[in-house]
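Open the model in your viewer and set the backbone to cartoon, with side chains ready to switch on. We will go from stop to stop, selecting a few residues each time.

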Amino acid sequence: TLNTDQHPHGLYFYQSIRIAAGATLSATGSKPLILYADTFVDIQGTIDVSGGKGGNSAGDHMSAGGGAGGGAVKIVSAQITVGSSGAIRADGGDGGDDGGDGGDGDD
């Protein structure tokens, strides 16, 4: 997992990047993920910059937090290949869990 907040502007520089089938490169942080590769990028697995789950409810009849928005990714290289099993995901996160029905007060 790469944390975009730990690198200036979310930039990562490599000679080449290969993500094997079945492997996942994840990113967290508030900045977009920016990947630079001098020679090539070969994506046979997954790059995932999806948002996280929202916060849970504080109690009965309280609303839960919405999921975080999906992130952004920029890939720069002389050659970029995405194989048949390759994917780039930037899905929004799931919402949090609610606080339940609170009962009927007759307990």
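## Stop 1: an aromatic pair

This is a predicted model, and a search of the whole structure finds 1 aromatic pair. Select Phe-13 and Tyr-36 to see the two rings stacked, 5.2 Å centre to centre and with 20 degrees between the planes. Phe-13 sits in strand β2 (residues 11-14) and Tyr-36 in strand β5 (residues 33-37), so the pair ties together parts that are 23 residues apart in sequence.

Now switch on the surface. Is Phe-13 buried or exposed? Phe-13 is exposed, at 59% relative accessible area. Tyr-36 counts as partly exposed, with 28% relative accessibility.

## Stop 2: the sheet around β5

Keep β5 in view and add β2 and β8. These 3 strands form an open sheet in the order β2-β5-β8, with parallel pairing. Look at the edges: β2 and β8 (73-77) each have a single partner strand, so one side of each is left without a neighbour in the sheet. From one strand to the next, the twist averages 15 degrees.

Zoom in on β5 and β8, which pair in the parallel sense over 5 bridges. Select Leu-33 and you will find Val-73 of β8 standing opposite.

## Stop 3: the nonpolar core

Stay with Leu-33 and add Leu-35 and Ile-47. Within the largest nonpolar core, which has 14 residues, these three touch the most other members. To colour the core by element, pick β3 (17-19), β4 (24-28), β5 and β6 (41-43), the elements that give two or more residues to this core. Which element gives the largest share? That is β5, with 3 residues.

Next, centre on Leu-35 and show what surrounds this side chain. Leaving aside residues up to four places away in sequence, Leu-35 touches a set that includes Leu-2, Tyr-12, Tyr-14, Ile-17 and Leu-25. Ile-47, Lys-74, Ile-75 and Val-76 are also among the residues that Leu-35 touches.

## Stop 4: strand β4 and its partners

Leu-25 leads us to β4, so display the side chains along this strand. In a regular strand the side chains alternate between the two faces of the sheet. Along β4 you can see this alternation: Leu-25 and Ala-27 point to one face and are buried, while Thr-24, Ser-26 and Thr-28 point to the other and are not.

Then bring in the partners of β4. Strand β1 (residues 2-3) pairs with β4 in the parallel sense over 2 bridges, and Leu-2 stands opposite Ala-27. Strand β7 (residues 46-48) also pairs with β4 in the parallel sense, over 3 bridges. Here Leu-25 has Ile-47 as its bridge partner in β7.

## Stop 5: a salt bridge

For the last stop, look for charge. Side chains of opposite charge can pair when their charged atoms come close. How many salt bridges does the structure hold? There is 1: select Asp-42 and Arg-18, whose closest N and O atoms are 3.3 Å apart.

Colour by strand to see that this pair links distant parts of the chain, with Asp-42 in strand β6 and Arg-18 in strand β3, 24 residues apart. Turn the surface back on to look at each partner. Asp-42 is buried, with a relative accessible area of 15%, whereas Arg-18 counts as exposed at 60% relative accessibility.

Technical notes: Residues numbered from 1 in each chain as written. Predicted model: local features only at pLDDT ≥ 70, side-chain atom pairs only at ≥ 80, totals over all residues. Heavy atoms only, no water. Phe/Tyr/Trp six-rings, centres within 6.5 Å; stacked < 30°, edge-to-face > 60°. Helix = DSSP H or I, 4+ residues; strand = E, 2+ residues; numbered from the N terminus. Buried < 20%, exposed > 50% of the residue type's maximum accessible area, 1.4 Å probe, protein only. Core = buried A, V, L, I, M, F, W, Y, C linked by side-chain atoms within 4.5 Å. Contact = heavy atoms within 4.5 Å. Pairing = 2+ DSSP bridges. Axes fitted to C-alpha atoms, helices over the stretch in contact; angles between N-to-C directions. Salt bridge = Lys/Arg side-chain N within 4 Å of Asp/Glu carboxyl O.
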